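Subject: Handing over the structure

Hi,

Here is the structure I said I would pass on. Have a look at it first, and then read my notes below.

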Amino acid sequence: MAAVLEFAGVTVRKGRATLLDEIDWTVEEDERWVVLGPNGAGKTTLLQVASAQLHPTTGVAGILEEVLGTVDVFELRPRIGLTSAALAERIPRGEAVRDVVVSASYGVVGRWREDYDDLDHGRALELLEELGVKHLADRTFGTLSEGERKRVQIARALMTDPELLLLDEPAAGLDLGGREDLVSTLSVLAMDADSPATVLVSHHVEEIPPGFTHVLLLRDAQVVAAGLLDQVLTEQNLSETFGMPLVLQHAGGRWSARRRQRRTTIH
Ligand SMILES: Nc1ncnc2c1ncn2[C@@H]1O[C@H](COP(=O)(O)OP(=O)(O)OP(=O)(O)O)[C@@H](O)[C@H]1O
Ligand SMILES: [Mg+2]
């Protein structure tokens, strides 16, 4: 099984701040990872390295059997599907949904060429259908709800048939129904053997879709624990990651967490 990501001692520094501190991490092609950690832990920075947008200050980042820094990133990036708030902001609000998706095959945001072939349009519609938003193909991106936009972004990220799919907080800003719909969709993707290796960044264990296999817990730029979900996602590790005593439950394939209440004595 080939490693899709192979990080060894990956460290990112900006000025005097250490954003990632000696990260060792391997993702194999049949794995689906969730990265959990509090605000500022370094999750987005980790995805920036994994998507070849940011080079480590020290350490080695292996991506799709290439080593970042020794490879043309413009050849590497189309092999990686990425969704993030920063990318979403760059999508023109007046762009038709089908074009938001189809233009990914040219690695551009904003439709600027007219010669996408029929195959690409067919593929874009297929992906919109898979994500449950085919009926929105002719709407403009700016008219969509937050949840609909997230789905379109994921369809766009899948358009190039990436070997690695990176999702930075795809459920942020969704209401309960929207979150549950997205978790189901991601679960279907996760269980499909043809889906690419996937890394999903989140703050909430409730957002872990059934079918995800591994977890990386990040706190203060460092890995608290990483490995198989069932072994690593423990009350102790999660409490350490979020810096508070937590109660963790796992039922019906889903996880939930809440603060452990102190016992109060009633007189
Ligand atoms: N250019 C920079 N200079 C200094 N510090 C930075 C810089 N960019 C990011 N940081 C800091 O690095 C840390 C990690 O940022 P990152 O965006 O990776 O966190 P995150 O885990 O994605 O957080 P969130 O859950 O809030 O999205 C944060 O404390 C952030 O303020
Ligand atoms: Mg982030």
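Let me start with a question: which residues line the largest cavity? They are R32, L165, L186, L189, A190, S195, P196, T198 and F212. Before you go looking for them, keep in mind that this is a predicted model.

First, the cavities. Searching the whole structure turns up two of them at 30 Å³ or more. The largest has a volume of about 50 Å³, and the second largest comes in at about 40 Å³. In the largest one, helix α7, which covers residues 176-191, provides the largest share of the lining, with three residues. Sorted by class, that lining has six nonpolar residues, two polar ones and one charged.

The second largest cavity is lined by P170, A171, R179, L182, V183, L186, L200, S202 and E207. Two elements give two or more residues to this lining, namely α7 and β8 (197-202). Here too α7 has the largest share, this time with four residues. The classes come out as six nonpolar, one polar and two charged. If you are clicking through residues, try L186: it is in the lining of the largest cavity and also in that of the second largest.

Next, a pocket. The second largest pocket has a volume of about 190 Å³. Its lining is made up of R123, L127, E130, L158, D161, P162, L189, D192, D194, S195 and P196. Helix α5 (residues 118-130) gives the most to it, with three residues. By class, you get five nonpolar residues, one polar and five charged. You will recognise some names here: L189, S195 and P196 line this pocket, and they are also part of the lining of the largest cavity.

Now for the ligand. How many residues surround ligand 1? There are 13, and the closest are G40, K43, T44, T45 and H203. In terms of elements, β2 (17-28) and α1 (43-50) each supply at least two residues of this shell, with α1 giving the most, three residues. The shell divides into four nonpolar, six polar and three charged residues.

Three side chains are worth picking out around the ligand's oxygen atoms. T45 has a polar side-chain atom 2.5 Å from an oxygen atom of ligand 1. For N39, an N or O atom of the side chain is 2.9 Å from a ligand oxygen. E169 places a polar side-chain atom 3.4 Å from an oxygen atom of the ligand. As for cover, ligand 1 has 650 Å² of accessible area on its own, and the protein covers 57% of that.

Last, a sheet. Four strands form an open sheet in the order β2-β1-β4-β5, with antiparallel pairing. At the edges are β2 and β5 (66-67), each of which pairs on one side only. Strand β1 (residues 3-14) pairs with β2 in the antiparallel sense over eight bridges. To get your bearings there, find F7, which stands opposite W25 in β2. Strand β2 is also the one that helps to form the shell around ligand 1, which makes it a handy place to go from the sheet to the ligand.

That's my tour. Over to you!

Cheers

Key. Residues numbered from 1 in each chain as written. Chains lettered and ligands numbered in written order. Predicted model: local features only at pLDDT ≥ 70, side-chain atom pairs only at ≥ 80, totals over all residues. Heavy atoms only, no water. Near = heavy atom within 4 Å. Polar contact = N/O pair within 3.5 Å; in protein donor to acceptor, adjacent residues only side chain to side chain. Areas by Shrake-Rupley, 256 points an atom, 1.4 Å probe, with all protein chains shown as cover. Nonpolar A, V, L, I, M, F, W, Y, C, P; charged D, E, K, R; others polar. 1 Å grid on protein atoms, 1.4 Å probe; cavity = no way out; pocket = protein on both sides within 12 Å on 5 of 7 lines; lining within 4 Å. Points joined across faces, edges and corners; volume = space filled by probe spheres on them. Pairing = 2+ DSSP bridges.
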